[in-house]
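Dear colleague,

Please find below the structure that I am handing over to you. I should be grateful if you would look through it alongside the notes that come after it.

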Amino acid sequence: MAQSGALFYGDNLDVMRRHVPDESVDLVYLDPPFNSNANYNVLFAEQDGSRSAAQVKAFGDTWRWDKAAAVAFEEVVEAGGETSKAMQAFRKLIGPSNMLAYLSMMAPRLVELRRVLKPEGSIYLHCDPTASHYLKLLMDSVFGGDRFLNEVIWFYKTGGASKRYWSRKHDSILFYSKTGKWRFSAQKEKSYLMHKYGFSNVKIEEDEGGAFTWVNARDVWDIPALRGNQPETLGYPTQKPVALLKRIIEGSCPEDGVVLDPFCGCGTTIDAAQRLGRRWIGIDITHLATNLIKNRLLDKFGEVDFSVVGEPTTLTDAKQLAGEDRYQFQSWALGLVGARTADQRKGPDEGVDGRLYFHEKAGGKTREVVISVKSGTTGVGHVRELRGVVEREEAELGLLITLRKPTPKMRAEAATAGYYRSGSEGAGAWGKHPRLQILTVAELLDGRRIDMPPLMGTLKFPAAPPKRRIHLDKPLFNNLPDVPNLDELLSIS
Ligand SMILES: C[S@@+](CC[C@H](N)C(=O)[O-])C[C@H]1O[C@@H](n2cnc3c(N)ncnc32)[C@H](O)[C@@H]1O
């Protein structure tokens, strides 16, 4: 059976250069982080207010004018062509600034995106007024000014209002084609009428908003932004609504086409593509994002056949990841048991790195497993601490995931917590599950899973990563074979 998609963990520039063939993608949507980065502080902030290593790595460093930015700038300039000229002009205009660093990061990625697009393909670059004017010039240099199709204005009504200037309530989405022959399917939208009289030749319908007609969607889109209480909201800063991506995909990706999102965040594009039966490629540089996406797909669609590339598959890989970045390690390790990262925005969640929920019967009580992940030295104190957290949170079970082998004392301490007995709601046979469990990363990679009642909903444990998954050594993607599943994904037309 054909795969639905491929999810890559890594830097999109490397991933595209190594894995995405020329002219293989029908539609690109990208929503690169910029400026709104302040939002990420909520997610990644340390309790003392400083930024975590993960945030600095994924967001901060990228657009500071530093040595790496200067090298990126020089590479684009040396490659020649219109983009080189544009970057030299930017340098004269804005100097060696953070904005230039950002544009130097974007330029080679846009060049790659153009390369992977099919001749009839198109690209949507989502940005905001902070950088849209520079990005439009950059896009002109990469795609050609004559390939510009629209600046879509997406406006929304969330957030506060300014008293000093007009409230900033829109994003810009720059829409370009690769060649003069592109695929586009006009989409209809509702246009509400002030009064319904005087229309003789159009069909008037009514819904809760009043009378309306269907008109071809224009370039100003009134699509509600996500609010905290919506079921779609995952708590990922900058998450976009699925409705926005559905419109883009339906408008610009044929039914048998492939969509690529190189900054895929919590996977809105992937979700929309999956719903619409399109194949997809998602890339993100954080395990927090790739973990969320895996959960999102399982939650929404049950079993989805997709490949994951670039995640650790051996203990050596896992140790390397832990050494590089313990936050990334934590997100990845939680993904091994299908758990979500605890939502740091809700305040300090002391001792809880992730959570899993389960029900013993449909419609029954929501029960909880709290999870703590340790990448360094562990001791009996951590087991006691977790026991305290299980009691405080009134959770049914506690799981300690360790990179190192636990000591016999730790195992003995965990055993003193006794058992959680499932089946009290009369849904099935009684089961005995150790209340405190310790699993090592090596055991998880070998396919061992937490001892708990089976999950009732669509959320399932991910299978142990198959051996064929590819580990990325530093520098990323050196000497890697091609990804067989991506070939399969792209070969079906
Ligand atoms: C603005 S968010 C995208 C949000 C997404 N549209 C959604 O709805 O969830 C940008 C994402 O780009 C990722 N990112 C930043 N630099 C990257 C890079 N060089 N390669 C791949 N992903 C990157 C970040 O981890 C972040 O998840």
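The notes below describe the sheets, the helices packed on them and the ligand surroundings.

Please bear in mind throughout that this is a predicted model.

I begin with the sheet of nine strands. This sheet is open, its pairing is mixed, and its strand order is 9-4-5-3-2-10-11-1-12. Its edges are formed by strand 9 (220-222) and strand 12 (306-309), each of which pairs on one side only. From one strand to the next, the twist averages 15 degrees. At one of these edges, strand 9 pairs with strand 4 (residues 148-155) in the parallel sense, over three bridges. Within this pairing, Val220 in strand 9 is the bridge partner of Ile153.

Two helices deserve mention in connection with this sheet. Helix 8 (residues 242-252) packs on the sheet and touches strand 2 (25-30), strand 3 (117-127), strand 4 and strand 10 (258-261). The direction of helix 8 makes about 155 degrees with that of strand 2. Helix 10, for its part, lies across strand 1 (5-9) and strand 11 (279-284), and runs at about 155 degrees to strand 1.

Helix 10 also has a helical partner. Helix 9 (residues 268-275) packs with helix 10 (residues 287-301) at an angle of about 30 degrees, and their axes are 10 Å apart. Because angles under 35 degrees count as roughly parallel, helix 9 is roughly parallel to helix 10. The crossing of helix 9 past helix 10 is right-handed. On the side of helix 9, the residues that take part are Ile270, Asp271 and Gln274; they meet Ile293, Arg296, Leu297, Lys300 and Phe301 in helix 10. By character, the residues of this contact comprise four nonpolar, one polar and three charged.

The ligand comes next. There are 20 residues around the ligand, and those that come nearest are Asn12, Asp31, Phe263, Gly265 and Thr268. The shell around the ligand divides into nine nonpolar, seven polar and four charged residues.

A further open sheet has five strands in the order 13-14-15-16-19, again with mixed pairing. Strand 13 (340-341) and strand 19 (436-440) are its edge strands, each pairing on one side only. Strand 13 is joined to strand 14 (residues 354-359) in the antiparallel sense over two bridges, and Arg355 in strand 14 is the bridge partner of Arg340. Helix 12 (residues 326-336) lies across strand 13, strand 14, strand 15 (366-374) and strand 16 (397-402). Relative to strand 15, helix 12 runs at about 140 degrees.

Finally, I draw your attention to the pairings of strand 8 (residues 210-216). Strand 6 (residues 188-192) runs antiparallel to strand 8, and five bridges join the two. Tyr192 has Phe212 in strand 8 as its bridge partner. Strand 7 (residues 205-207) likewise runs antiparallel to strand 8, through three bridges. Here Glu206 stands opposite Ala211 in strand 8. Strand 7 and strand 8 form a hairpin, with two residues between them.

With kind regards

Methods
Residues are numbered from 1 along each chain as its sequence is written. This is a predicted model: local features need pLDDT of at least 70, side-chain atom pairs count only at pLDDT 80 or more; totals for chains, interfaces and linings use all residues. Axes are lines fitted to C-alpha atoms, for helices over the stretch in contact, and angles run from 0 to 180 degrees between N-to-C directions. Helices (H or I, at least four residues) and strands (E, at least two) are DSSP runs, numbered from the N terminus. Angles under 35 degrees count as roughly parallel, over 145 as roughly antiparallel, 65 to 115 as roughly perpendicular and the rest as oblique. A crossing is left-handed if the near helix is turned anticlockwise from the far one by less than a right angle, and right-handed if clockwise. Two residues are in contact if their C-beta atoms, placed from the backbone, lie within 7 Å. Ala, Val, Leu, Ile, Met, Phe, Trp, Tyr, Cys and Pro count as nonpolar, Asp, Glu, Lys and Arg as charged, and the others, Gly among them, as polar. A residue is near a molecule or strand if its C-beta atom, placed from the backbone, lies within 6 Å of it. Two strands pair if DSSP finds at least two bridges between them.
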